[in-house]
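User: Please take a close look at one part of this protein, the nonpolar core, and set it within the fold as a whole. A connected account would be preferred to a list.

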Amino acid sequence: MKLRTLLLVCGAAFISQNLYAGRAPTQPNSYDGIAPTARAMAMGEAGAAQITSKDSFYYNSSALAYMSGAHAAFSAVIMRKSAQQPSETAKFDPAGQGLTTVFLIKDSGVLAWQALSDNTIIKYNPDGSWEKAETYINAITFAAGQKNDYGFSIGLNLTYLYGKIGESRLDSNMKPYSNIASGNGFTFDLSFLFPAGNGIYFGLNLKNIAGFMFWDDYNTEQLPFTVRTGVGYVYRGLAFDIDYDRKFYRFGDLQESNFYMGVEQYLNSFIVLRAGVSSDENFTSDTMKYSYGLAFKLKGYEFSFASQQYKINNSDFSKYVLSFNASVS
C-alpha cells in the first residue's frame, strides 16, 4: 500500500511539472552539428561510406573497423561572413564560430568532443517586446567499429549531451522574464558498411535511434532520427563519395532530405585537393552548398583548410574551417 501511494505521488509530481513546463527555445537543427573536420566540409559533407576518413565517428562509425594506429585532431571555424543578422545566420548555422571538434582515435575506437550549438537568437516585435535565447549544447561521443572476415563492419555510437539555455524576454506589457536552464541527455547510433569490391563501399548510418535531452525547466526533447546512406570509392590517391540523408525533425520547417557529393585527389604525398557540393532534393541554385579545400601532409601531420558557401535568405554566406591532425602508425 505504501509503495502504491509513493508511485502515485511521484506520478502526480511528474505530471504537474510537465503541465507548467514549456518547449525549450532550441532550433530544429540545434543537435545536428557540423562537418567535424575541414576534410569533411571540403568534400561536401559526404562520408557515409568512406573507409579512409577519420570523420567516421560522425558519418558512419562502422568504418572505424578499418582504422589502425593512433590519431589526434581538432577543428575550428576560424571565420564566418554573412550579410544577414547574426540571429538569422544562427538558425541555419547553429554551431557558431571557434573550436568545434576534438577527437582521439586508437585503432577502431574513438573519443570525440563536438560543439553542436553555440549561438544567440534575438527576435524584436512591432509592439516593442522582444525575446532572446542563448543556446550552448556540446556532445561527448564514444564510437567503435568491428568487421568480420568478409569486410562487413558494424559500428556503435554512444553520446553524452550537455548544455545550457539562457532565455529572457520583455512582453507587450513591458513585463520582464529571464531564466537559465541546464540540460543533460544521450544518443545512440548504429551503422553498417558493406564492401562491394574494387574499392567500392556502401554505408548506412542510423542516427539518434534513441536520443533525448532533459532540461531543468523545459520539456524533454527527442532528437531528430536521421537515416544516412551513401556509396564511396577509393583507389590509390582518389576518393569519391555520394550520400543521401533524411532527418525527421520534431518541429520547424527545415528541409529534411539532402544529397551530398565530394571528391579528394592526392597530387603527391604532400598536397591534397578536395571539393564538394550538397543540396536538398530540389537541386536549385538557392539551396546549393559549394565547398572546396586543400591539405598539406608531412609524415604523420596534416593541416587542412576548407571553405563552404551558400545562401541564407538569398544573401551570401561563407564559412572557413581549419583542422590539424597528428597520426602515429
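Analyst: The protein contains four helices and 15 strands. Its radius of gyration is 21 Å, close to the 20 Å that the globule rule gives for 329 residues, so the protein is as compact as a globular protein of that length. Along the principal axes, its C-alpha atoms occupy a box of roughly 65 × 60 × 35 Å. The model is a predicted one, with a mean pLDDT of 90 for the protein and 94% of residues at 70 or more. Residues 5–20 have a pLDDT below 50, and this stretch makes two contacts in the model beyond near neighbours in sequence.

Of the 329 residues, 47% are buried. Among contacts with a separation of 6 or more, 57% link residues 24 or more positions apart. The accessible surface amounts to about 16500 Å², and carbon and sulfur atoms account for 61% of that area.

Turning to the interior, the largest nonpolar core comprises 21 residues, and Phe-57, Phe-103 and Val-110 have the most contacts inside it. At least two residues of this core come from each of helix H2 (38–42), helix H3 (56–59), strand E1 (70–82), strand E2 (98–106) and strand E3 (109–124). The greatest contribution is that of H2, which provides four residues.

Val-110 may be examined individually. Apart from neighbours within four places in sequence, Val-110 is in contact with Phe-57 and Phe-103, the two residues named with it as having the most contacts inside the core. The other contacts of Val-110 on the same basis are with Leu-64, Leu-104, Ile-105, Thr-141, Phe-142 and Ala-143. A second core, separate from the largest one, has twelve residues, including Ala-24, Tyr-31, Ile-137 and Trp-215.

A charged side chain also deserves attention. Asp-93 lies in the loop between helix H4 (86–92) and E2, and E2 is one of the elements that supply the largest core. The relative accessibility of Asp-93 is 3%, so this residue counts as buried, the cut-off being under 20%. Its side chain forms a polar contact of 2.7 Å with the side chain of Lys-319. When residues up to four places away in sequence are excluded, Asp-93 touches Ile-34, Arg-80, Tyr-310 and Phe-317 as well as Lys-319.

Methods:
Residues are numbered from 1 along each chain as its sequence is written. This is a predicted model: local features need pLDDT of at least 70, side-chain atom pairs count only at pLDDT 80 or more; totals for chains, interfaces and linings use all residues. Side-chain values use heavy atoms; hydrogens and water are left out. pLDDT is the predictor's confidence in each residue, from 0 to 100. Contact means heavy atoms within 4.5 Å. A nonpolar core is a set of buried Ala, Val, Leu, Ile, Met, Phe, Trp, Tyr and Cys residues joined through side-chain atoms within 4.5 Å. Buried means under 20% relative accessible area, exposed over 50%, partly exposed in between (1.4 Å probe, protein chains only). The radius of gyration is taken over C-alpha atoms; the globule rule is 2.2 Å times the number of residues to the power 0.38. Accessible areas come from the Shrake-Rupley method with a 1.4 Å probe; for residues, only the protein chains shown count as cover. A polar contact is a pair of N or O atoms within 3.5 Å; within protein, one must be able to donate a hydrogen and the other to accept it, and residues adjacent in sequence count only if both atoms are side-chain atoms.
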